[in-house]
There are 2 protein chains.
Amino acid sequence: MYRYKCIISYDGTNFMGFQIQDDLRTVELEIKNALFKLTNEDIKIYSSGRTDRYVHALGQVIHFDLENEIPPLGLKRGINSYLPKDIYFKSIEQVDVNFHARFSAKSKEYRYYINKKEYSPLLANYQAFISYKLDYNLMGEAIKLFIGTHNFKGFSSSSIDPRKDTVKTIYEAKMNEYDDYLEFIFVGTGFLKYQIRRMMGILIDIGRGKLDINIINYILETQDTNILFKTADGCGLYLYQVNY
Amino acid sequence: MYRYKCIISYDGTNFMGFQIQDDLRTVELEIKNALFKLTNEDIKIYSSGRTDRYVHALGQVIHFDLENEIPPLGLKRGINSYLPKDIYFKSIEQVDVNFHARFSAKSKEYRYYINKKEYSPLLANYQAFISYKLDYNLMGEAIKLFIGTHNFKGFSSSSIDPRKDTVKTIYEAKMNEYDDYLEFIFVGTGFLKYQIRRMMGILIDIGRGKLDINIINYILETQDTNILFKTADGCGLYLYQVNY
């Protein structure tokens, strides 16, 4: 048995997320189909974690096992030739069978982009567009409040399994302002379902003056799920890299 | 009768080009539908010229007439609210009834982009990707040969109407090299069907060493249509602006 670690990128626009859901067009299904064409085997794929509908990846990591050894460069060329144009294998390396895309991951980095300029149809799927005036300085201050080890239950999906451990550590959370867009960087041990989009949603609501900056610490401390705020659009979110 | 000049942008990825073709999804049809919802009138649209399937626009210009006057700012807000997210009206101004989007145009600027880095699914619809090694300096020299007044018949579609005037003037043709991509700028009185994509196709064939640089002058002088070269992908092409 030969294990392969792959770094992949995809444009999330036309996928119903990463994880297989019957016959819906998902990233996992397209990869399984390409691997089947290449090897004639039904190969199980393990990812560092799923991504939602519309969410992009520049450095998603997956692993899978093959019965027969294929040199990584040939495997990369072969699988890319069978994939649709919105998924790409950037690198493939053979790894020890103890490597696991999800359980070996030490941290993950996500980035979120907001268009600062006028609406552009060419950016509609790649940066969030907010029609309100935002206080960038306040958002840059607010994002730092997420740094540290907290119970992020209040920033996850309401449908989250109550037995799930919702205490996570965020090592880095910062905003960079560029001429045309805002970039938000989050590095942490792991993120709950919708967590980044909910954290971004509250930053946007704070930036437009709808919520006070102190609401972040309040939700982190109390896990109060009665505060209403938006879940930011998936199209602005990128799984940037997974660190092992 | 009130005439309006509009500057519009669109992401060409999911359109069968600009011009209406029955019920196919075209830019013109979406604009007509939005105008109908806004005014309850069937309004004829005049553009500076059509764009092909997959081709984008940052500054396409159209005009149309309304029976009843609507202030430009309200019209912009109204029509944008009825349009799908891949078309956007950047500006609308009321103009003299002698203005014509096509016949009043003095020149048009197109830009073409080629990705210089590794393939990226996130750029697949927005920059051409060439899997051959290209000689950028040679392409930068070759593009200058298009400047001037020439018979561009050899760089148009083979299906072009033989009565059509194929003599056009290109004022500016240059290549800019950036870290991640090449940018090609063409400014001219007007361009024939497929002309920019055919000029780009020959530049790519010259850049990869398949054709000699002298082939450009040969085709411009002889209009020989027996030289085989590619029509570059539409996805790299942008109608950048129309000058009046």
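In these legends to a predicted model, contact means that heavy atoms lie within 4.5 Å.

**Close-up 1. Surroundings of I87(A), a residue of strand β4 (residues 87-95) of chain A.** Leaving aside neighbours within four places in sequence, I87(A) is in contact with S9(A), Y10(A), F15(A), V27(A), E30(A) and I31(A), and also with P121(B). The residue is buried, because its relative accessible area of 2% falls under the limit of 20%. The view may also take in L58(A), which stands 29 residues from I87(A) along the chain and whose C-alpha atom is separated from that of I87(A) by 10 Å.

**Close-up 2. The two chains related by rotation.** Chain B is superposed on chain A by a rotation of 180° with 0.0 Å of shift along the axis, and the RMSD of this superposition is 0.0 Å. That is the relation of a two-fold axis. The same surface serves both copies, since 100% of the contact residues of chain B recur in chain A.

**Close-up 3. An aromatic pair formed by Y126(A) and Y126(B).** Over all chains, the count comes to 23 aromatic pairs. In the pair shown here, the ring centres of Y126(A) and Y126(B) are 5.6 Å apart and the ring planes stand at 85°, so the pair is edge-to-face. Y126(A) lies in the loop between β5 (107-115) and β6 (128-129) of chain A, and Y126(B) in the loop between β5 (107-115) and β6 (128-129) of chain B, so the pair joins two chains. Both Y126(A) and Y126(B) are buried.

**Close-up 4. An aromatic cluster in chain A.** Four tyrosines, Y113(A), Y178(A), Y181(A) and Y238(A), form one aromatic cluster.

**Close-up 5. Packing of helices α1 and α2 of chain B.** Two packed helices are described by the angle between their axes and the distance between the axes. For helix α1 (residues 27-39) of chain B and helix α2 (residues 72-82) of chain B, the angle is about 120° and the axes are 9 Å apart. The crossing of α1(B) and α2(B) is right-handed. On the side of α1(B), the residues that take part are I31(B), A34(B), L35(B), K37(B) and L38(B), and they meet L75(B), G78(B), I79(B) and Y82(B) of α2(B). Sorted by class, the residues of this contact of α1(B) with α2(B) comprise seven nonpolar, one polar and one charged.

**Close-up 6. Packing of helices α4 and α5 in chain A and in chain B.** In chain A, the axes of helix α4 (residues 195-207) and helix α5 (residues 215-222) come within 11 Å and cross at roughly 145°. I202(A), L203(A) and I206(A) of α4(A) make this contact together with I215(A), I216(A) and I219(A) of α5(A), and by class the residues of the contact are six nonpolar, no polar and no charged. In chain B, helix α4 (residues 195-207) and helix α5 (residues 215-222) pack at an angle of about 145°, with 11 Å between their axes. Here I202(B), L203(B) and I206(B) in α4(B) meet I215(B), I216(B) and I219(B) in α5(B), and the contact of α4(B) with α5(B) again has six nonpolar, no polar and no charged residues.

**Close-up 7. Positive phi at Q223(A) and at D22(B).** Although Q223(A) is not a glycine, this residue has a positive phi of about 55°. Q223(A) lies in the loop between α5 and β10 (237-243) of chain A and is partly exposed, with a relative accessible area of 23%. D22(B), likewise not a glycine, has a positive phi of about 50°. D22(B) is found in the loop between β1 (2-10) and α1 of chain B, where the residue is exposed, with a relative accessible area of 69%.

**Close-up 8. Surroundings of V167(B), a residue of strand β8 (residues 167-177) of chain B.** V167(B) is partly exposed, with a relative accessible area of 40%. When neighbours within four places in sequence are left aside, V167(B) is in contact with T149(B), H150(B) and N151(B). The C-alpha atom of F191(B), a residue 24 residues apart from V167(B) along the chain, is separated from the C-alpha atom of V167(B) by 9.5 Å.

Terms used: Residues are numbered from 1 along each chain as its sequence is written. Chains are lettered from A and ligands numbered from 1 in the order in which they are written. This is a predicted model: local features need pLDDT of at least 70, side-chain atom pairs count only at pLDDT 80 or more; totals for chains, interfaces and linings use all residues. Side-chain values use heavy atoms; hydrogens and water are left out. Axes are lines fitted to C-alpha atoms, for helices over the stretch in contact, and angles run from 0 to 180 degrees between N-to-C directions. Helices (H or I, at least four residues) and strands (E, at least two) are DSSP runs, numbered from the N terminus. A crossing is left-handed if the near helix is turned anticlockwise from the far one by less than a right angle, and right-handed if clockwise. Ala, Val, Leu, Ile, Met, Phe, Trp, Tyr, Cys and Pro count as nonpolar, Asp, Glu, Lys and Arg as charged, and the others, Gly among them, as polar. Copies are superposed by least squares on the C-alpha atoms of residues with pLDDT of at least 70 in both. Buried means under 20% relative accessible area, exposed over 50%, partly exposed in between (1.4 Å probe, protein chains only). Rings of Phe, Tyr and Trp (its six-membered ring) pair if their centres lie within 6.5 Å; planes under 30 degrees apart count as stacked, over 60 as edge-to-face and the rest as tilted.
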